[in-house]
Amino acid sequence: MTTRIRNGRIIDPANDRDEIGDLLIVDGKIADGIAREADEEIDASGLIVAPGLIDIHVHLREPGFGWKETIESGARAAAAGGFTTIVCMPNTSPVADSPSTIAWIKQRAAQVASVNVLPSGAISRNIAGEELAPIAALAQSGAVAVTDDGKCIQNHELMRRAVEYARMVGIPVLDHCQDYHLVGDGVVNEGRWSTSLGLPGWPCAGEEMIVMRNILLAELCDHDIHCQHVSCAGSVRLMREARARGVKITGEVCPHHIALTDDAVRNFDTNAKMNPPLRSQQDRDALIEGIADGTLTILASDHAPHATFEKEVEFDRAPFGIVGLETELGLFLDLLVHKPRAIDLPRVIEMFTVEPAKLLKLNSGALSAGAPADVTLIDPDLEWTVQPERFHSASRNTPFSGWQLKGRAVRTIVSGRTVWQLER
Amino acid sequence: MNWTRKDLVGLHELSADEINFVLQTADAFKEVGTREIKKVPALRGKTLVNLFIEPSTRTRISFELAALRLSADVVNVTAAASSLTKGETLLDTARNIEALHADILVLRHNSAGAAHFLAPRLRTSIVNAGDGAHEHPTQGLLDLYTIREKKGRIDGLHVAIIGDIRFSRVARSNIFALTKLGARVTLVGPSTLVPREFEQLGVTVSHTIDDVLPSVDVVNLLRIQHERQRKEYFPGLGEYIRLFGLTKRRAELLKPDCLIMHPGPINRGVEIDSAVADGPQSVILDQVTNGLAVRMAVLYLCGGVPR
């Protein structure tokens, strides 16, 4: 089976390639040359031909919470967002803290998922922050990273040992940065709106304290710690300084933290409730600056599906999080490339491909000959409206309903096979 | 003006005109309270449900009496006696009450925003009787009513709100309404309970009570709420009294015509000396009486909006 993607703008940052041309896929792999007759021709005129995008922060909710999302529905949402590879978080039920749960997720994904699903394992047993999970066994069974996402290990000694151990195993540690004492029962950014609405505040210091801790431990252990969903100006400042010294600290940004500020909670909209919370304009600007200067290297969704009935409750009782896979690329293109021009299109693609592949040591994120043909076709100028009722995800919890965005994926190809394309 | 709101969820969203309109409407109902026959037929045939998820005595009684004097039928539901203890959501509980053709639901809840959450989802009128640390709009209105009654105006007055501001819904409703009507507001209390963020709401923050007392026209004292607090907010009641208690001696700093207010319940000897609470400047019991008139006005206005 041979497929030729014709006349697209091929952007392949790993191979330093940005040119109009054809991409040839033979038997599910990227092939050299253009001369052969193809079984399938895809016209990519006016489109970007990119390595399949990777989202390293996704909650698929299976096992245990199938009413919110399943591996199957989450993978369909990923495909519809232009992602060919997603990393799912371990806060399922049971928690992915044992090889059998990792194996189950991989097996289930092989049966039902239209994109590559890479599980992450827990750092601590039952993500309780008290004793180490079997990190080596998790890695051997297929976990590409460990994280207690949603929770944060408060005991710095335990975190230190986890990072040392993960270094031996060769996988990075991803961390949800939250100091429990400083954050307390905080549900919205501490500031004007928490004060006015009488809601418990979640101060930036609660994130920055743990980012600082992670910098010190990454340095002490000489190993990769990746700060998930960075939301505060101070975190960016700390990481910028540490990275300049060569510390192995990285950070990711979620679209909602640059698309919205904490005034989105003014009407107690639970679709504006996430953890970490929406921050101030100043924090938002600092994140964009951190993306522009290379301090923050990875873009991710923190796709966190919840059923409508779970979000239709009093604000402080609602679960944290929003769905993100199907709005993520459009928001980032709109907010980073089209409007403020913080970075260019090739850098966006690099942050979705080369950078996460580097952190997780994946053999993907590039259009190199012989690599699995994971390809995303993007129309960077297509204007569209976010319609939650048309999401492929099982959940609809988004604050972006009705938003007009510019740019989106139009076709997603996994191992040479089209798994999704935009209906026109 | 024409009142068009089916709900009263907070004072933040009301205009100055709307606040004044409620106060004017309350004037008429205050007069009703002085009659031999205290009942009017304004809400005859209407049903009011008091849904109190958080304990309250004075506010619930005040709403109940207000509804009874308007000739409405009243049902009281407390958290312990509701299906919320069986895992039913607030929205489902409220929809069940609506399905019984209740016209007005008075909600007291420990979550900020609970009334805002219900109001757009129901045809029934929602009247907020206190939502967490957010708002207590009828308390704010009765405080304004009392100030206006005693001082003849709100505009240009200087009001000090003293105590636990951080956790106080009474403080927030007062801040929103007083600033809208042209009063100057100073918040006084320990830095842990009166954080600087409040200045973004258009008020002044002070941690030195003696500097503030001589210039104010009204002091509104808030109860130190033991049940909401963690011990790290201040070292103890002794230190609180030393720094912020309205002692007899401090009360001498006040202008002779300064009003002393308190939403109750009072902790005598903590935020206010017993003698000061009972002294000539105290209007604490007038607040309670006015609360009835104000709540009658609110129920009458919201209950009268066609749905």
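**Salt bridges and the A–B interface**

Student: Why is R121(B) called partly exposed?

Tutor: The relative accessible area of R121(B) is 33%. Buried needs under 20% and exposed needs over 50%, so R121(B), at 33%, counts as partly exposed. Keep in mind that this is a predicted model.

Student: What makes R121(B) and E312(A) a salt bridge?

Tutor: The N-to-O distance between their side chains is 2.7 Å. The cut-off is 4 Å, so 2.7 Å passes and the pair counts as a salt bridge.

Student: How do you know that this pair joins two chains?

Tutor: Look at where each residue lies. R121(B) is in the loop between α4 (114-118) and β4 (125-131) of chain B, while E312(A) is in the loop between α11 (308-311) and α12 (328-338) of chain A, so the pair joins two chains. Between chain A and chain B the count is 1 salt bridge.

Student: And what makes E312(A) partly exposed?

Tutor: E312(A) has a relative accessible area of 22%. Buried would need under 20%, so 22% puts E312(A) in the partly exposed class.

Student: How much area do chain A and chain B bury between them?

Tutor: About 1,600 Å², with 54% of it on carbon and sulfur atoms. On the chain A side, T195(A), E312(A) and E314(A) lose the most area to chain B, together 34% of what that side buries. As for contacts, 15 residues of chain A touch 21 residues of chain B.

Student: How many residue pairs are in polar contact there?

Tutor: The count between chain A and chain B is 6 such pairs, both residues being at pLDDT 80 or more. The side of chain A that touches chain B has 5 nonpolar, 4 polar and 6 charged residues.

Student: Let's go inside chain A. Why is the contact between D334(A) and K339(A) called a salt bridge?

Tutor: Their side chains come to 2.7 Å, N to O. That is within 4 Å, so the pair fits the rule.

Student: Are D334(A) and K339(A) buried or exposed?

Tutor: One of each. D334(A) is at 4% relative accessibility, so it counts as buried, the limit being under 20%. K339(A) has a relative accessible area of 58%, and with exposed set at over 50%, K339(A) is exposed.

Student: What separates R60(B) and E64(B)?

Tutor: About one helical turn, because they are 4 residues apart in helix α2 (residues 58-69) of chain B. R60(B) forms a salt bridge with E64(B), with the closest N and O atoms 2.8 Å apart. E64(B) is partly exposed at 21% relative accessible area.

Student: Which residues are linked in a network of salt bridges?

Tutor: E157(A), R160(A), R161(A) and E164(A). Over all chains, the count comes to 38 salt bridges.

Student: Stepping back, what is the secondary structure of chain A, and how do you know that chain A is as compact as a globular protein of that length?

Tutor: The secondary structure comes to 14 helices and 18 strands. The radius of gyration of chain A is 20 Å and the globule rule gives 22 Å for 424 residues; the values are close, so chain A is as compact as a globular protein of that length. Its C-alpha atoms fill a box of roughly 65 × 45 × 45 Å along the principal axes.

Student: What share of chain A is buried?

Tutor: Buried residues make up 63% of the 424. Among contacts in chain A between residues at least 6 apart in sequence, 76% join residues at least 24 apart.

Methods. Residues numbered from 1 in each chain as written. Chains lettered and ligands numbered in written order. Predicted model: local features only at pLDDT ≥ 70, side-chain atom pairs only at ≥ 80, totals over all residues. Heavy atoms only, no water. Contact = heavy atoms within 4.5 Å. Buried area = accessible area lost by both parts, 1.4 Å probe. Polar contact = N/O pair within 3.5 Å; in protein donor to acceptor, adjacent residues only side chain to side chain. Nonpolar A, V, L, I, M, F, W, Y, C, P; charged D, E, K, R; others polar. Rg over C-alpha atoms; globule rule 2.2 N^0.38 Å. Buried < 20%, exposed > 50% of the residue type's maximum accessible area, 1.4 Å probe, protein only.
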